[in-house]
Amino acid sequence: MRRIFFTAISCLLLTCLLAGLAGCAKKDSSAAGAAASSVGKAALTRTIVDQVGNTVHLPEKIERVVIASVWPLASVYCQMFGTDKLVGLDPAIVSAAENSMLIKIAPDIGTIETGFSKNGNLNAEELLALDPDVVFYTSGVMADYDIATQAGIPAVGFSLSIKDYNAVETIHTWIEQLAAVMGVDPGDNSAYLEYGRRIQQLVAERIATVPEEERPQAMFIHRYDNATLAVPGSGTWADYWITASGARNVAAENTGTPSVSIEQIYSWNPERIYITNFNDALPEDLYGNTLGGHDWSSVTAVQEQQVKKVPLGIYRWYVTNTDSPLMLLWMAKQHHPDLFADIDLDKTVSDFYKEFYNLDLTAEDIQAIWNPVREAAGGA
C-alpha cells in the first residue's frame, strides 16, 4: 500500500510539474508572440514632423483619409489624388466644392461623409467610426489635433502662415507634406510647382519698375455686419495679394483682420476694393450704398467702379489653394492693366485647368469663376 501511495504521489507531482512547464512554455510563447507582433507593427510605421512641429507616427500605407479644418487642402488633395481614399470631409469643404469647379474634377465629393464635424467641432465617436488612418487639420484649430490624437488617430497639421501668407509658396509646401504623408514622390507635381514660381517671377519683374507712390491703394472686405467691416491688415493673405501684385494695403497699419468703422475707410479712401467669398456681398452693394447700411459714395474705388468680387475657381481664391498662381496674375492685372495687357486671363485659366486638372472649361465656367454668386459665400 505504501508503494502504491508513493507511486501515486510521484505521478501527481510529475503531472503538476509537466503542467507547470507547459504553462510556462505557453506564457513564454505568448510573450514572444507579442514581442514579435510589436516589432512587426513598428516596422510598418514611419515618422514625419508636420508643419505645426509635431512628430506624427503614420501607418506604412495610408488607405483612409479625413480632412477636417484645413478646408483649402481639399483642392490640393483632389488635384493630386482625386477623391481616392477620402472617407471624411468637413461639411464646409463639401459646401465650397458644390459652388466651385472642384465638383467638376471630383463629382463624387458630395457623397463623402461629413457627419463627424458639426459647426467646426469634431465628434470623436463619429470620427472613429470612419476608421481613418490620418486626419488633416489646420494649425489654427488645435482642438482637432487634441480630439484626433486622444482617439488614437494620427493627426497631421498644415500651417496657413508657413510662408508668411505667400499663398503660392504655401501650396508648394502643402504638396510636399501631403506627398510625404501619402508616400508618393512630390516630383510628380514638378510642372505645377514650376508654373507657380514662373507666375511669381513674371509679376515681380513687371511691377518692379512701378514707383511706390504710383501703386494703387487697395483693401479687402473679408466680412461685414451692420456695424463694422472686417478688413485684413498685415500678416494676412490680403496683404500678400495686394503687395505682391503691385499695390499698397491701406490697412497695413493693423495686424490680422480686425473690424473697422466706415469712418476709417473714408480716411483710407482706397482706390481698389476686393470682396472675399467668405461673405455674400457683391460690388453692386457698394455702388448702391446697401452694404452694411453705409454710404460708400465718397470712396474713390466706388466712384471709379473699381470694386471687385474675388474669383471662385477650384476653391475661394482669397486663401491658399491650387488656383493661387491664377489669383496672383488676376490681381496684378487689376492693378496694372497696361503692364499685363498681353495676358488673356480667359485663355490662361482655360489652359491651366486643362493642364493641371484635365478639365475643359466652358465659356460659362470661366464666367462663373470671374463672377461668383451670393450663394457661393460661406465658410472661412
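**Group meeting: two sheets, two cores and some helices**

Asparagine 289 is partly exposed, because its relative accessible area is 31%, which falls between the 20% limit for buried and the 50% limit for exposed. I start with this residue on a predicted model, and I will come back to its backbone in a moment.

Where does asparagine 289 sit? It is in the loop that runs between α11, residues 283-287, and α12, residues 300-303. Its phi is near 60°, which is a positive value in a residue other than glycine. For background, most residues other than glycine have a negative phi.

Asparagine 358 also has a positive phi, near 55°, and is again not a glycine. You will find asparagine 358 in the loop between α14 and α15, the latter being residues 363-370. Is asparagine 358 buried or exposed? It is exposed, because its relative accessible area is 60% and the limit is 50%.

Now the sheets. Strands of a sheet pair through backbone hydrogen bonds, either parallel or antiparallel. One open sheet has four strands in the order β4-β3-β7-β8, and the pairing is parallel. At its edges are β4, residues 86-89, and β8, residues 155-158, each of which pairs on one side only. From one strand to the next, the twist averages 20°.

We can walk across this sheet. Strand β3, residues 65-67, pairs with β4 over three bridges, in the parallel sense. Isoleucine 67 has leucine 89 in β4 as its bridge partner. On to β7: three bridges, again parallel, link β3 and β7, and valine 65 has valine 134 of β7 as its partner. Then β7 and β8 pair in the parallel sense over four bridges. There, threonine 138 stands opposite phenylalanine 158 of β8.

How many of the residues of β7 are buried? Five of the five are, so β7 is largely enclosed by the rest of the structure. In a regular strand the side chains alternate between the two faces of the sheet. In β7, Val134, Phe136 and Thr138 are on one side, Val135 and Tyr137 are on the other, and all are buried, so both faces are covered.

What lies across the strands of this sheet? Helix α2, residues 73-81, lies across β3, β4, β7 and β8, and runs at about 145° to β3. Glutamine 79 is in helix α2. It counts as buried because its relative accessibility is 14%, and the limit is 20%. Leaving out residues up to four places away in sequence, glutamine 79 touches Asn189, Tyr192, Thr322, Phe356 and Tyr357.

The other sheet is an open one of three strands, in the order β10-β11-β13, with antiparallel pairing. Its edge strands are β10, residues 223-224, and β13, residues 259-260. Strand β11, residues 229-230, is joined to β13 by two bridges, and leucine 229 stands opposite valine 260 in β13.

Next, the helices. Helix α13, residues 324-335, packs with helix α14, residues 345-357, at an angle of about 175°, and the axes are 11 Å apart. That angle is over 145 degrees, which means α13 is roughly antiparallel to α14. On the α13 side, Leu326, Leu329, Trp330 and Lys333 take part; on the α14 side, Leu345, Thr348, Val349, Phe352 and Tyr353. By class, this contact has seven nonpolar residues, one polar and one charged.

Helix α9 covers residues 237-244, and six of its eight residues are buried, so it is largely enclosed by the rest of the structure. Those six are Trp237, Ala238, Asp239, Tyr240, Trp241 and Ile242. They pack against α7, α8, β9, β12 and α13. Just after α9, glycine 246 has a positive phi of about 90°.

Last, the cores. Which residues touch the most other members of the largest nonpolar core? Of its 81 residues, they are Ile67, Phe136, Phe220, Trp241 and Tyr353. Helix α7, residues 167-182, gives the most to this core, with nine residues. There is also a second, separate core of 20 residues, including Ile221, Ala251, Ile273 and Ala301.

Take tyrosine 353 as the closing example. Not counting residues up to four places away in sequence, its contacts include Met101, Leu326, Ile369 and asparagine 358. Asparagine 358 is the exposed residue we met earlier.

Notes:
Residues are numbered from 1 along each chain as its sequence is written. This is a predicted model: local features need pLDDT of at least 70, side-chain atom pairs count only at pLDDT 80 or more; totals for chains, interfaces and linings use all residues. Side-chain values use heavy atoms; hydrogens and water are left out. Axes are lines fitted to C-alpha atoms, for helices over the stretch in contact, and angles run from 0 to 180 degrees between N-to-C directions. Angles under 35 degrees count as roughly parallel, over 145 as roughly antiparallel, 65 to 115 as roughly perpendicular and the rest as oblique. Contact means heavy atoms within 4.5 Å. Ala, Val, Leu, Ile, Met, Phe, Trp, Tyr, Cys and Pro count as nonpolar, Asp, Glu, Lys and Arg as charged, and the others, Gly among them, as polar. A nonpolar core is a set of buried Ala, Val, Leu, Ile, Met, Phe, Trp, Tyr and Cys residues joined through side-chain atoms within 4.5 Å. Buried means under 20% relative accessible area, exposed over 50%, partly exposed in between (1.4 Å probe, protein chains only). Two strands pair if DSSP finds at least two bridges between them.
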